[in-house]
Amino acid sequence: MAVPWAPARKYVAVSRIQLRASLVYPLDAAGRAISIVLFVVVFLNLWRATYQGAGRSVAGLGLRDVVWYLAVAEVVMLSQPRTAALLAQSVKDGSIAYQLARPYRFLLFHLAARLGDTLPLVMLTLAAGGAAAWLAVGAPPTWWGVALLAVELPMAWLLNFLMSTAIGLLAFSVEDTTAFEWIYNKLMLVVGGVLIPLDFFPGWLRGAATLLPFASATYTPAHLFVRPGGQGALELLAVQAAWIVVLGSALWALYRRGMRRLVVNGG
Amino acid sequence: MSWARGARFLLAVWRANLLSAMEYRVSFLAQVAGMFLNDAALFGFWTIYFQRFHEVRGWRLADVLLLFGTVAAGFGCATYLFGNVLRLATVIAEGELDYYLSLPRPALLHALASRSVPSGLGDLLFGFATLAAVGAATPGEAARFALGAALGAAVFVGFLVVVGSLSFWIGDATLLSGAVTQGMIMFSTYPFAVFDGWTRLLLFSLLPAAFVGAVPASLVRSFTWQSLGELGLAAALSLAAGTALFQRGLARYQSGSAMQARV
């Protein structure tokens, strides 16, 4: 395939190599597919029991909406790039010195590599999660939402990449970034709306949570999947775009600062 | 190896793990405290849920808190004492078993116990904190809670050894093992009453999450000898299945001839 912009060739090659590497153990990759099916089964059981007691609709969402919402949010969660752990490890073991010396832009290399890593996972979890949700509650609520996912999944992935990479770069300043990764994951699960739609939050908490980047990465794609033309859709998209700009700039600044602090010993 | 020698060996490995962790005391304590807060944050989901819906099939916030605590304590106990159970699939796939096989000690026991996950202690502490939070802090309740968590941990370890051992056959079961771990945690921390039909059957058999969450938690408030017997049997079967599959898989093990240095 001809790449129109020559400098992009090496990054396409990096993506391709990572893509192939991630396909070496197909049975293992299927583990993620099993994961999302298990999640959908758990969600279906909980929310079916919930709706039996609460009526047909809660906060404008029915059982079908909630199950599809959670399936999409889980696809985003399971296919997020794990840049933080990789970067922290390379800072700890010193292999970052080799990465920095190579003829590519460090952040673009990781963007390309993680894209290659996660692309099969996105496709796999989307297919498995979609099939499980369809079997559980029927077709997606709207086809317009399905079409919008083609834009929203890459946006969500990019936001996750920016946040995860920023956490990884903290390894330049702190010894261990594990605790930051935990906090980030829990924020995604709870205030990002992976475990429960923000629509069910108390009013004040919902307002605050939708303004955070965690919600832009999970709640926004999942909510727009079930309610693409609903009230507030444009605001959600605007907040998401703003976070991409803000976090992208912050990541660049963090990287520059990290480079100034980096001391490589030995040869 | 006799039981007494096995116990002495385990104690020596755990002591070495603790001494090693104490070399990085701040990091150790940060991980313990971090996991405690992490569990508390995750429980935020249930707080929000019950604020909106109040109950689900008779389960209220306190019931789920006790369930969550039991699972946290069992999981914490398993990962603190047998931390490598989480990465057994990788240990097998990457040829790291060479080290354990070359020593005159049971390879599986040594491999599992040779790594301690400090955050497991945070889970364990969170588990006991929930016991106090739900007002179940009599010595009898605490003892039944500890017993349930320990047996739940045994079920969890045995089952993960079964899944991790699949690396002997499929090459690398790391992601599969991760998926199963997540599945066990997820199914075991949700109110058991929401599951029915074939899902309930699944949770007592193929994915024995009921023996990690619902059954151990039931010992605290509604103890029956039958439940304890069933849980004990599940733990014994799980450990036996894990050991048998691992031993069988060893015959297929191919060393990666990887150079490994252990200091």
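Reader: What makes A:Arg227 count as partly exposed?

Author: This is a predicted model, and in it A:Arg227 has 28% relative accessibility. Buried means under 20% and exposed means over 50%, so at 28% A:Arg227 falls in between and counts as partly exposed.

Reader: And its partner, A:Asp65: why is that one called buried?

Author: A:Asp65 comes out at 8% relative accessibility. The cut-off for buried is under 20%, so A:Asp65 counts as buried.

Reader: How do you know that A:Asp65 forms a salt bridge with A:Arg227?

Author: The closest N and O atoms of A:Asp65 and A:Arg227 are 2.9 Å apart. A salt bridge needs a side-chain nitrogen of Lys or Arg within 4 Å of a carboxyl oxygen of Asp or Glu, so this pair qualifies. A:Asp65 sits in helix α3 (residues 63-78) and A:Arg227 in the loop between α11 (219-226) and α12 of chain A, so the pair ties together parts that are 162 residues apart in sequence.

Reader: What about A:Asp199 and A:Arg206: what makes that pair a salt bridge?

Author: Here the closest N and O atoms are 3.6 Å apart. With the limit at 4 Å, the pair passes, so it is a salt bridge. A:Asp199 is buried at 9% relative accessibility, while A:Arg206 is partly exposed at 32%.

Reader: Over in chain B, why is B:Glu96 called buried?

Author: B:Glu96 has 15% relative accessibility, and buried means under 20%, so B:Glu96 makes the cut. B:Glu96 forms a salt bridge with B:Arg87, with the closest N and O atoms 3.2 Å apart. B:Arg87, at 25%, counts as partly exposed.

Reader: How many salt bridges are there over all chains?

Author: The count comes to seven. There is also a network of salt bridges linking A:Arg48, B:Arg57 and B:Asp196.

Reader: What makes A:Arg260 exposed?

Author: A:Arg260 has a relative accessible area of 64%. Exposed means over 50%, so A:Arg260 is exposed. A:Arg260 lies in helix α12 (residues 233-261) of chain A, and gathers with A:Arg256, A:Arg257 and A:Arg261 in a patch of positive charge on the surface.

Reader: Last one: is A:Ser15 buried or exposed?

Author: Buried: the relative accessible area of A:Ser15 is 16%, and the cut-off is under 20%. A:Ser15 lies in helix α1 (residues 9-22) of chain A. Leaving aside neighbours within four places in sequence, A:Ser15 is in contact with A:Ala112, A:Leu115 and A:Gly116.

How values were computed. Residues numbered from 1 in each chain as written. Chains lettered and ligands numbered in written order. Predicted model: local features only at pLDDT ≥ 70, side-chain atom pairs only at ≥ 80, totals over all residues. Heavy atoms only, no water. Patch = residues over 30% accessible without salt bridge, like charges linked within 9 Å, V, L, I, M, F, W, Y side chains within 5 Å. Areas by Shrake-Rupley, 256 points an atom, 1.4 Å probe, with all protein chains shown as cover. Lys, Arg positive; Asp, Glu negative; His and termini not counted. Charge placed at Lys NZ, Arg CZ, Asp CG, Glu CD. Helix = DSSP H or I, 4+ residues; strand = E, 2+ residues; numbered from the N terminus. Buried < 20%, exposed > 50% of the residue type's maximum accessible area, 1.4 Å probe, protein only. Contact = heavy atoms within 4.5 Å.
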